[in-house]
Amino acid sequence: MTSRYRSSESAGTPAARPNSLSPRRRTALKAAAATAVLAGPLAAAFPARAAEAPLFLHGLASGDPLPDGVLLWTRVTPTPEATPGSGLGPDTEVSWIVARDKALTDVVARGSLTATAASDHTVKADVRGLAPATDYWFRFSAGGTDSPAARTRTAPAADAAVTGLRFGVVSCASWEAGYFSPYRHLAARGDLDAWLHLGDYIYEYGTGEYGTRGTVVRQTSPTHEVLTLADYRTRHGKYKTDPDLQALHGKAPVVAIWDDHEIANDAWSGGAENHTEGAEGTWAARQAAAKQAYFEWMPVRPAIAGTTYRRLRFGKLADLSLLDLRSFRSQQVGVGNGTVDDPERTLTGRAQLDWLKAGLKSSDTTWRLVGNSVMISPFAIGSLSADLFKPLAKLLGLPQEGIALNTDQWDGYTDDRRELLAHLRSNAIGNTVFLTGDIHMAWANDVPVDAGTYPLSASAATEFVVTSVTSDNLDDIVKVPEGTLTAVASPIIRAANRHVHWVDTDRHGYGVLDVTAERAQMDYYVVSDRTKATATSSWYRSYRTRSGTQKVERTYDPV
């Protein structure tokens with residue numbers, strides 16, 4: 001297997017707003033239909049022996065690697081009726097082992113857990129006592145059934161002189177919009193230390209509401225919009241049956257944050273665009289259900305209960321601050337609804353912003369990476385013609401008459417952004433790189449202190465934005481051939497936003513971030529056809545930021 005951490009420490013040494021189809025307002029409860037789908041698709045997939053033994057139908061996963069440990073996850077299906085969200089099935093003992101070899105003969109840790117209906121028969125083992133910067137393999141067992149073996153990897157020791165890190169980077173995967181071939185291609189690489197999921201791991205919409213160019217490529221489950229705990233569990237369970245997603249989870253640990261669609265479109269602390277209070281239950285109940293299912297089904301180790309903001313360290317080379325930009329934010333500004341510059345409005349919440357500022361200031365690593373679910377760079381629409389502005393507004397969820405900026409991202413909360421960027425400048429905090437999803441386009445940006453006077457004013461950081469795995473982007477809204485709109489829109493967007501080095505509005509794919517002491521480089525890959533399970537992948541573009549510059553530049557070869 002290709003080496004990943006290039007380190008002086010020897011391995012094993014102990015130590016958009018996407019609205020491609022504008023959501024219809026919901027007028028009646030759909031949850032009553034939930035019981036009709038809970039026992040369907042997975043129960044039908046059971047072989048005859050399933051009545052006699054538990055099965056691992058949803059794969060294995062690991063996440064949040066530490067120098068001495070990693071979080072292991074699986075879901076056991078003890079009986080055919082114990083489908084995700086059903087609330088059925090007996091308590092089941094699940095054992096796990098961790099070994100240094102793929103054959104699982106050199107076992108270094110083992111233990112057992114009980115899977116119950118109360119946690120939807122998901123289990124997590126927070127394994128410690130492992131060696132830093134080391135590959136491990138693990139397996140779960142229940143009732144005489146063994147899962148396949150999966151690979152994971154620990155982080156380097158905190159003081160390790162790491163010379164290189166490599167992460168896959170993805171966001172925005174709508175089941176009904178296509179196949180998850182970006183996951184398959186990342187899994188096939190064999191050189192990832194971990195992979196970052198920057199939000200919209202699942203989508204909450206009902207069937208037919210968020211496909212590809214208005215077409216359902218493959219039907220989700222449940223078929224109605226997810227509202228209840230059973231609904232969210234069923235939807236997570238459906239996603240975890242995808243073979244490409246299972247493959248990637250089985251090859252490297254994931255580091256995940258949520259965005260809005262893990263709950264509901266354009267979510268904020270008190271509601272969401274895609275939530276009708278009363279007709280769809282209370283927002284408090286829906287948000288609690290979505291978060292509970294997320295933490296049950298994802299190998300995420302929250303530092304604070306109920307939120308995804310936390311920080312991981314990868315030796316002396318990089319730390320990674322992970323944000324939660326949904327739980328604490330004020331409602332998005334709309335026409336006649338406040339101003340984006342109001343200092344009383346917040347995207348991060350006070351406690352999280354203070355935590356982020358403190359962590360960036362105290363960091364002693366070469367690079368400060370920030371996992372960021374919505375774009376921090378300013379984005380002015382510019383002089384787009386009506387035939388381009390209207391589909392762009394639809395994609396981003398903008399009012400097609402009125403506010404010409406995306407108030408769901410940092411542009412809608414300029415006081416938080418101003419405070420953060422001023423903090424970076426006043427404390428001379430360099431080498432800060434925001435890693436972003438959400439917007440269904442690929443971008444390479446400087447993050448200016450003052451976009452209006454850039455490039456004469458300073459750049460405080462840089463930002464790499466990855467496109468969607470499958471969710472519609474600009475050419476899909478207009479239903480024109482891929483690349484058609486990028487050729488027209490990109491020069492106009494760049495002319496109005498001089499800090500933007502590159503934007504592609506039309507393609508689907510993923511990123512690979514490679515970090516050394518000298519530079520952080522994002523290689524952008526695209527897939528041939530998201531509607532085909534056999535889609536191929538090809539390198540498209542690369543951009544990097546060199547240490548000490550706070551600027552993005554193009555480079556002409558992938559790492």
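**Sheet architecture, cores and salt bridges of the predicted model**

Leu-435 stands opposite Phe-464 of strand S18. In this predicted model, the pair belongs to the contact between strand S16 (residues 432-436) and strand S18 (residues 459-465), which run parallel and are joined by four bridges. Both strands are part of an open sheet of seven strands, ordered S13-S14-S15-S16-S18-S17-S19, in which the pairing is mixed. Strand S13 (310-314) and strand S19 (500-504) form the edges, each pairing on one side only. From one strand to the next, the twist averages 20°.

Two helices that lie across this sheet were examined. Helix H6 (residues 350-362) lies across S13, strand S14 (318-322), strand S15 (367-372) and S16, and runs at about 15° to S13. Helix H10 (residues 484-496) lies across strand S17 (442-448) and S19, with an angle of about 155° to S19. The loop between helix H9 (474-478) and H10 contains Pro-481. This proline counts as exposed, at 59% relative accessibility. The C-alpha atom of Pro-481 is separated by 8.9 Å from that of Asp-506, although the two residues are 25 residues apart along the chain.

The protein as a whole has 10 helices and 23 strands. Of its 559 residues, 63% count as buried. The exposed area is about 18500 Å², of which carbon and sulfur atoms supply 54%.

A further set of strand pairings centres on strand S4 (residues 92-99), which is mostly covered, with six of its eight residues buried. Strand S4 runs antiparallel to strand S5 (residues 107-115), to which eight bridges join it; within this pairing, Ile-97 stands opposite Arg-110 of S5. Strand S4 is also antiparallel to strand S7 (residues 135-142), here through five bridges. Ala-99 has Trp-137 of S7 as its bridge partner.

In soluble globular proteins, nonpolar side chains tend to be buried together. In the present model, the largest nonpolar core comprises 40 residues, among which Phe-180, Tyr-183, Trp-195 and Tyr-232 touch the most other members. At least two residues of this core are supplied by each of helix H2 (181-189), helix H3 (229-239), helix H4 (243-249), strand S12 (254-256), helix H5 (283-297) and strand S20 (509-515). Helix H5 provides the largest share, six residues. A second, separate core of 35 residues includes Ile-257, Leu-317, Leu-435 and Ala-444. Leu-435 is thus both a member of this second core and the residue that stands opposite Phe-464 in S18.

The surroundings of Trp-195 were examined with neighbours within four places in sequence left aside. Trp-195 is in contact with Gly-168, Val-170, Tyr-183, Leu-245, Leu-248, His-249, Ala-252, Pro-253, Val-254 and Val-255. Tyr-183, one of these contacts, is itself listed with Trp-195 among the core residues that touch the most other members.

The count of salt bridges comes to 34. One of the pairs joins the side chains of Asp-244 and Arg-184, with an N to O distance of 3.5 Å. Asp-244 lies in helix H4 and Arg-184 in helix H2, so this salt bridge ties together parts that are 60 residues apart in sequence. Asp-244 is buried, at a relative accessible area of 11%, whereas Arg-184 is partly exposed, at 26%.

A second pair involves helix H6, which lies across part of the seven-stranded sheet. The side chains of Arg-350 and Glu-419 meet in a salt bridge with an N to O distance of 2.4 Å. Arg-350 lies in helix H6 and Glu-419 in helix H8 (residues 414-426), so the two side chains tie together parts that are 69 residues apart in sequence. Arg-350 counts as partly exposed, at 45% relative accessibility, and Glu-419 is buried, with a relative accessible area of 14%.

Asp-504 forms a salt bridge with Arg-507, with the closest N and O atoms 2.5 Å apart. Asp-504 and Arg-507 are both buried. In addition, a network of salt bridges links Arg-166, Arg-189, Asp-191, Asp-514 and Arg-519.

Technical notes. Residues are numbered from 1 along each chain as its sequence is written. This is a predicted model: local features need pLDDT of at least 70, side-chain atom pairs count only at pLDDT 80 or more; totals for chains, interfaces and linings use all residues. Side-chain values use heavy atoms; hydrogens and water are left out. Two strands pair if DSSP finds at least two bridges between them. Axes are lines fitted to C-alpha atoms, for helices over the stretch in contact, and angles run from 0 to 180 degrees between N-to-C directions. Contact means heavy atoms within 4.5 Å. Buried means under 20% relative accessible area, exposed over 50%, partly exposed in between (1.4 Å probe, protein chains only). Accessible areas come from the Shrake-Rupley method with a 1.4 Å probe; for residues, only the protein chains shown count as cover. A nonpolar core is a set of buried Ala, Val, Leu, Ile, Met, Phe, Trp, Tyr and Cys residues joined through side-chain atoms within 4.5 Å. A salt bridge is a side-chain nitrogen of Lys or Arg within 4 Å of a carboxyl oxygen of Asp or Glu.
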